[in-house]
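Here are a few notes to help you find your way around this one. Have the structure open while you read.

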Amino acid sequence: MSVEEIVNRSPIDMTFWERLQSNDWRLEIGALIFITGYVVLYQIGASYNKKLAYSFIDAVVPNLKENFYQVGVAPNQLVAKDNEQSYTLYATGRTKLDSVTAKIQLQPRQNLFMWIMESILSFFIESVATPEDVATVTFEFDQETSDSFDNFIWAIVTKDKMDRYRNENYFLSLTKTSEASKLSNQFVFMNEVPEMNDILYTKKLGDFIKANSSLIKYFAITDQQAIKPEKIAELRPKTTFVLSFKLTSQHEQVENIKNFFNYILNDYVDLVSNRATFRPELLRKVKKTRETEYSKVKKVLDDAKREELANKKLEEEKALRAAMTPQQQQKLAKRQQERKQRKQLNRQKRSKMRIYHIFHILFLINVVWSYFSPAQLEILDLHHKIQPKNVKDNHSPEIRSFYSILSVPPNVGDDGLEKAYKKLTRKWHPDKFARKDPKTRKQAERKYETITLVVNILRDVERRKNYDYFLKNGFPVWDEQRHLYVFKNRSKPSFKIIIAFLLTILTLGQIGLQKLNKNQKNKRIQKILRDVRWKADNQQQENTKVMELPDDFAINETPIYSTDDKLVTYCGKVFIVKPDKSVLLYDDDSLDPEDEASMNEFIKKILDSGYFNLRGFQKKQMNRRERRSEKKQEETSINNDIMEHLVQFKEDDSQLEFSKLLVFRPILLILSYFIRKDEKITDSDVSDSPKKSEPSKRQIPEAGSITLPNGTVLHSRKK
């Protein structure tokens with residue numbers, strides 16, 4: 001068939017294969033190629049990960065089967081495969097060891113896109129870890145063997161990533177870094193006490209670390225877990241060995257890792273179980289760290305429990321308020337406010353007591369500073385020990401100094417000091433006198449010990465500075481009666497100076513306390529004024545009638561809020577807020593704001609006084625007869641009861657009362673005694689509190705008369 005016939009044919013006449021065009025299936029073909037490529041790459045990556053994991057598993061399984069009763073996560077399953085990049089090997093059933101767990105985490109080679117993305121992000125973002133093939137082997141001791149161990153943490157970690165390992169492992173965060181010449185430059189010791197390095201480090205362990213230096217990340221012995229504990233029970237110590245290293249497919253490196261694994265399992269476990277006992281001084285530091293962590297976890301748990309109880313209490317209080325009437329809710333709020341005020345007052349009292357405690361502490365610090373420090377006492381003991389018995393004066397030419405013992409000048413440097421120390425130690429080393437008589441040998445030992453102590457003191461910059469000060473200004477001598485070192489030939493302050501100093505300190509402290517008390521009082525008054533004014537400004541119309549009034553009073557339905565005085569009850573007291581925001585306090589303990597009858601009588605007295613126009617209260621209209629009788633009653637008896645108990649409630653702006661200071665009170669008493677010898681002087685006469693003057697018993701002459709000096713009274717004729 002020609003081309004023209006094929007082109008001119010109708011699609012209906014075409015067969016299935018003639019209608020099939022490759023351009024119409026481009027999307028499907030592309031998707032099929034992509035899926036096929038993804039599946040192939042997935043299988044290649046998964047198979048490589050499996051090969052890498054089993055290269056380590058096959059190397060260590062024979063040794064595990066020789067040492068453990070069961071190897072594998074199940075009787076018929078050797079390895080647990082979580083996914084294509086995570087494998088777990090498990091073994092149990094051996095003396096001293098409860099189990100050995102090897103967790104293998106590989107790179108996501110089966111997912112090419114995730115692998116590339118993680119690699120790129122780890123290059124730019126520090127928190128994203130670089131994909132690595134890592135195996136972490138945990139040797140966990142049984143509880144009986146773990147209890148026989150001393151609790152400690154000791155590790156060998158690579159330097160370049162030790163901060164990252166600290167963040168990832170809780171037990172490494174409790175350690176400190178210590179350098180050691182025994183390790184290669186790329187590793188460092190991490191422990192709680194540096195003395196552990198000499199006990200736990202072995203030469204064979206160092207050889208294995210050096211042989212696998214490119215693979216090992218860290219090797220640790222710990223009694224704490226890797227994840228930060230959130231419960232007290234999780235802080236219970238259980239000793240484990242943790243070995244973390246990179247996986248490799250190279251046969252030589254796999255053999256080195258296998259040998260290291262076998263050394264830990266066969267030899268090092270027994271070695272540590274016999275060596276892991278330390279001196280009590282080292283364990284005290286470890287115990288202190290454990291107690292600190294215990295207190296942190298306990299504080300977090302206590303805070304969570306306290307928050308839970310507070311939420312529960314808040315829900316119960318909301319349910320209780322919902323079941324109350326508005327009047328009951330108002331009374332409950334008032335009681336809570338009063339309780340809050342009482343707590344605040346108690347807190348202020350405690351703050352005053354803290355001031356006294358601070359003065360006591362300062363006094364104790366001054367006493368402590370007056371004595372010598374332990375380092376200075378060590379210098380003084382050694383100085384008096386090396387002196388000849390016939391020397392008693394500190395300035396005697398026969399006195400021996402640390403520099404004269406070493407035969408060096410006082411300004412000698414560190415190099416000269418070390419050179420003199422080596423020379424004298426070679427001369428007086430006890431091994432040279434091993435064959436001498438006991439007296440000579442003992443003398444050499446004392447000489448060698450003295451030289452060592454002297455050099456240790458002079459090596460320390462701070463202790464050498466103290467010694468040079470004593471050498472220049474004189475050494476204190478030992479007082480047998482008081483059992484302490486004292487300086488002789490030093491001028492002591494006189495008794496008058498001591499008394500003046502103590503009085504000055506006492507006066508300044510009392511002035512400070514007066515100012516502090518005044519500031520605390522003003523803060524409390526400011527808070528009360530703020531609350532009272534806020535309560536007066538936010539009074540609602542329905543709340544203006546505080547209590548039920550007697551029959552001769554009525555509620556003012558349209559009060560003038562901007563001009564009327566406002567009555568406020570606050571913390572068991574009654575306040576009157578004036579239009580200019582000034583506050584008056586009714587200072588009478590007999591008035592109970594909770595008692596309706598008492599409050600009604602009080603409001604009636606306030607309105608009868610005529611000085612106040614309370615918002616929400618007004619008198620009823622009275623006829624002429626009632627007004628006349630009320631006016632007569634006011635003229636005959638003026639009610640001053642209200643005005644006597646009303647005081648201006650404001651901040652204390654009084655000046656400092658010098659007469660109340662302990663220093664000035666005896667001076668004022670003495671001056672008053674000389675001024676008024678014929679009168680009895682008391683403390684109340686010199687205080688600032690005003691006292692009502694008693695009326696004079698002398699008779700006052702009548703009006704229009706003059707009394708002469710001789711007592712004669714002259715009366716005027718004018719009346």
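1. Let's begin with the salt bridges: a search of the whole structure, which is a predicted model, turns up 18 of them. One to look up is the pair Asp98 and Lys238, whose side chains meet at 3.7 Å, N to O. Asp98 sits in strand E4 (residues 97-105), while Lys238 is in the loop between strand E9 (216-222) and strand E10 (240-246), so this pair ties together parts that are 140 residues apart in sequence.

2. Stay with Asp98 for a moment. Its backbone oxygen lies 2.8 Å from a polar atom of the Thr92 side chain. Thr92 itself belongs to strand E3 (residues 86-92).

3. What else is Thr92 in contact with, leaving aside its neighbours within four places in sequence? Besides Asp98, you'll find Phe68, Tyr69, Gln70 and Ser99.

4. Now for the surface, where a patch of positive charge is worth colouring in. Gathered there are Lys313, Lys331, Arg335, Arg339, Arg342, Lys343, Arg347, Arg350 and Arg354.

5. Which helix gives the most to that positive patch? Helix H12 (residues 326-369) does, with eight residues. Arg339 is one of the patch residues, and its place is in helix H12.

Note on methods:
Residues numbered from 1 in each chain as written. Predicted model: local features only at pLDDT ≥ 70, side-chain atom pairs only at ≥ 80, totals over all residues. Heavy atoms only, no water. Helix = DSSP H or I, 4+ residues; strand = E, 2+ residues; numbered from the N terminus. Polar contact = N/O pair within 3.5 Å; in protein donor to acceptor, adjacent residues only side chain to side chain. Contact = heavy atoms within 4.5 Å. Patch = residues over 30% accessible without salt bridge, like charges linked within 9 Å, V, L, I, M, F, W, Y side chains within 5 Å. Areas by Shrake-Rupley, 256 points an atom, 1.4 Å probe, with all protein chains shown as cover. Salt bridge = Lys/Arg side-chain N within 4 Å of Asp/Glu carboxyl O. Lys, Arg positive; Asp, Glu negative; His and termini not counted. Charge placed at Lys NZ, Arg CZ, Asp CG, Glu CD.
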